[in-house]
Amino acid sequence: MGLQACLLGLFALILSGKCSYSPEPDQRRTLPPGWVSLGRADPEEELSLTFALRQQNLERLSELVQAVSDPNSPQYVGGLHRFPPTSSLRQRPEPQVTGTVGLHLGVTPSVIRKRYNLTSQDVGSGTSNNSQACAQFLEQYFHDSDLAQFMRLFGGNFAHQASVTRVVGQQGRGRAGIEASLDVQYLMSAGANISTWVYSSPGRHEGQEPFLQWLMLLSNESALPHVHTVSYGDEEDSLSSAYIQRVNTELMKAAARGLTLLFASGDSGAGCWSVSGRHQFRPTFPASSPYVTTVGGTSFQEPFLITNEIVDYISGGGFSNVFPRPSYQEEAVAKFLSSSPHLPPSGYFNASGRAYPDVAALSDGYWVVSNRVPIPWVSGTSASTPVFGGLLSLINEHRILSGRPPLGFLNPRLYQQHGAGLFDVTHGCHASCLDEEVEGQGFCSGPGWDPVTGWGTPNFPALLKTLLNP
């Protein structure tokens, strides 16, 4: 009998009352840090259990991630797998010059494609070994009928797929969620005509997303999509230290395998909470993990013109209180901290922590179809994340068809290239604590990297040219 069957049998005996464990009195009073006794479970209650064993050799794993993800490393492969070409590479026009290209009444796929300089030829070939995925949590589900209607309304000027290739996990019944609808519709319209999977993880961990359950599923699968986008996150302080570290280990493994994981930076700006009677900014996780690419948000400078972008004030960003600053971003973050003219007081943030986001995209005023109804003005980094992920999937398409591996963990390359291929967002600040000292303002954008919009937003032809080699 396997370990899983043995454990399930043991728990069945305990819950049925046929078997029990009675610790010594002193053991009853001692619980692991972060644990709370809730008493005995009801015999009829269903329990969902995820067993995650303690991991070893994490320093060696971290070194491996850097080696296989750094284009300057002799071990660089984009991850621990390669995929053979299956077709020839289409030629792509030279980068265009951005400018005002039209009016809009809300962000749709055509607005995204105009702003980020995609042509009708910038779609998947349908013949390569390429795929992308998004994850849904908190009982958020999409409907196939909504996706089909969205593509009928907004997908007329580019080749696309109107159905998800595969759902991994259980799709709930009932009404669709706007979050899940948004993620699927914009991943599949930005990464147009590319095979798309949806990972559905029901249930909660500590009342929040079961990230570890999802990551353990990825760890146990050999064939996975290359790009994964996640529009969910929690405050670092709301999760136990043990859980955060265990999730981060799985994120590290994914990076070592060559998966590109994108997480939304959050919709509360720098955040805010009170610690010992004093306000501090409040970072979010997994956005603050050093092993994911985190996506912030922007708005159009002119609300109804497709033109330059400024900070969307809700765009999450800041510095982790858990993870130290990774070496790949040392130069960029040090430059920001030494040159920003609008830096908040040092007591509000941990300047030595992992800084995020890494990149950004439009996050304001999207059209979404949910429960057969077109809904305008949906906003958040939940929108910018699948858009950026879809564009990376298009770049993977070119890399695979030219015999190169997928991008894999993007951050070492991204910071080495100093934002090449991205529109630098230099105007605007995001929100934070409403007190007399900072008056609701967090960090502000500026030239180069900043903890509001990262390196900036994609100029697709320039980004393709930057990321195509080696």
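**Warm-up.** Is L138 buried, exposed or partly exposed? L138 has a relative accessible area of 27%, so it is partly exposed. The scale is simple: buried means under 20% relative accessible area, exposed over 50%, and partly exposed in between (1.4 Å probe, protein chains only).

**Ground rules.** This is a predicted model: local features need pLDDT of at least 70, side-chain atom pairs count only at pLDDT 80 or more, and totals for chains, interfaces and linings use all residues. Residues are numbered from 1 along each chain as its sequence is written, and side-chain values use heavy atoms, with hydrogens and water left out.

**Exercise 1. Describe the chain as a whole.**

Step 1: Take the secondary structure. The protein chain has 12 helices and 20 strands. These are DSSP runs, numbered from the N terminus: helices are H or I with at least four residues, strands are E with at least two.

Step 2: Take burial. Of the 470 residues in the protein chain, 53% are buried.

Step 3: Take the surface. The protein chain exposes about 20,800 Å², and carbon and sulfur atoms supply 53% of that area. Accessible areas come from the Shrake-Rupley method with a 1.4 Å probe; for residues, only the protein chains shown count as cover.

Step 4: Take the contacts (heavy atoms within 4.5 Å). Among contacts with a separation of 6 or more, 82% join residues 24 or more positions apart.

**Exercise 2. Find the two faces of helix 9.**

Step 1: List the buried residues. In helix 9 (residues 330–339) they are A332, V333 and F336.

Step 2: Look down the axis. The buried residues fall within an arc of 95°, so they line one face of helix 9. The arc is that of the directions from the helix axis to the C-beta atoms.

Step 3: Turn to the other side. The face away from the buried side carries the exposed residues E331, K335 and S338.

Step 4: Name the cover. The buried residues of helix 9 are covered by elements including strand 12 (318–324), strand 13 (353–356), helix 11 (411–416) and strand 19 (441–444).

**Exercise 3. Trace salt bridges, and a charge without one.**

Step 1: Set the rule. A salt bridge is a side-chain nitrogen of Lys or Arg within 4 Å of a carboxyl oxygen of Asp or Glu. The whole structure holds 8 of them.

Step 2: Start with R115 and E309. Their closest N and O atoms are 2.6 Å apart. This pair links distant parts of the chain: R115 is in helix 4, E309 is in strand 11 (residues 309–311), and 194 residues separate them. Both R115 and E309 are buried.

Step 3: Go to R246 and E250. Here the closest N and O atoms are 2.7 Å apart. Both residues lie in helix 8 (residues 241–257), 4 residues apart, about one turn of the helix. R246 and E250 are both buried. Shared partners join R246, E250 and K253 into one network of salt bridges.

Step 4: Check D234. This residue is in strand 5 (residues 234–235). D234 is buried yet has no salt bridge; R204, the nearest side chain of opposite charge, is 8.4 Å away. For charge, Lys and Arg count as positive and Asp and Glu as negative; His and the chain ends are not counted.

**Exercise 4. Place T381 in its surroundings.**

Step 1: Locate the residue. T381 is found in helix 10 (residues 381–401).

Step 2: Judge its burial. T381 counts as buried because its relative accessibility is 1%.

Step 3: List its contacts. Beyond neighbours within four places in sequence, T381 is in contact with residues including A264, D267, V295, S315 and S363.

Step 4: Compare sequence with space. T381 and Y232 are 149 residues apart in sequence and 9.3 Å apart in space, C-alpha to C-alpha.

**Exercise 5. Pick out special backbone geometry.**

Step 1: Look for cis peptide bonds. One runs from F285 to P286, with omega near 10°. P286 lies in the loop between strand 9 (284–285) and strand 10 (293–300). Another runs from Y356 to P357, with omega near 5°. P357 sits in the loop between strand 13 and strand 14 (359–362).

Step 2: Look for positive phi outside glycine. L138 has phi near 55° and lies in the loop between strand 1 and helix 5 (144–154). N193 has a phi of about 65°. N193 is in the loop between helix 6 (178–190) and strand 3 (195–200). With a relative accessible area of 17%, N193 is buried.
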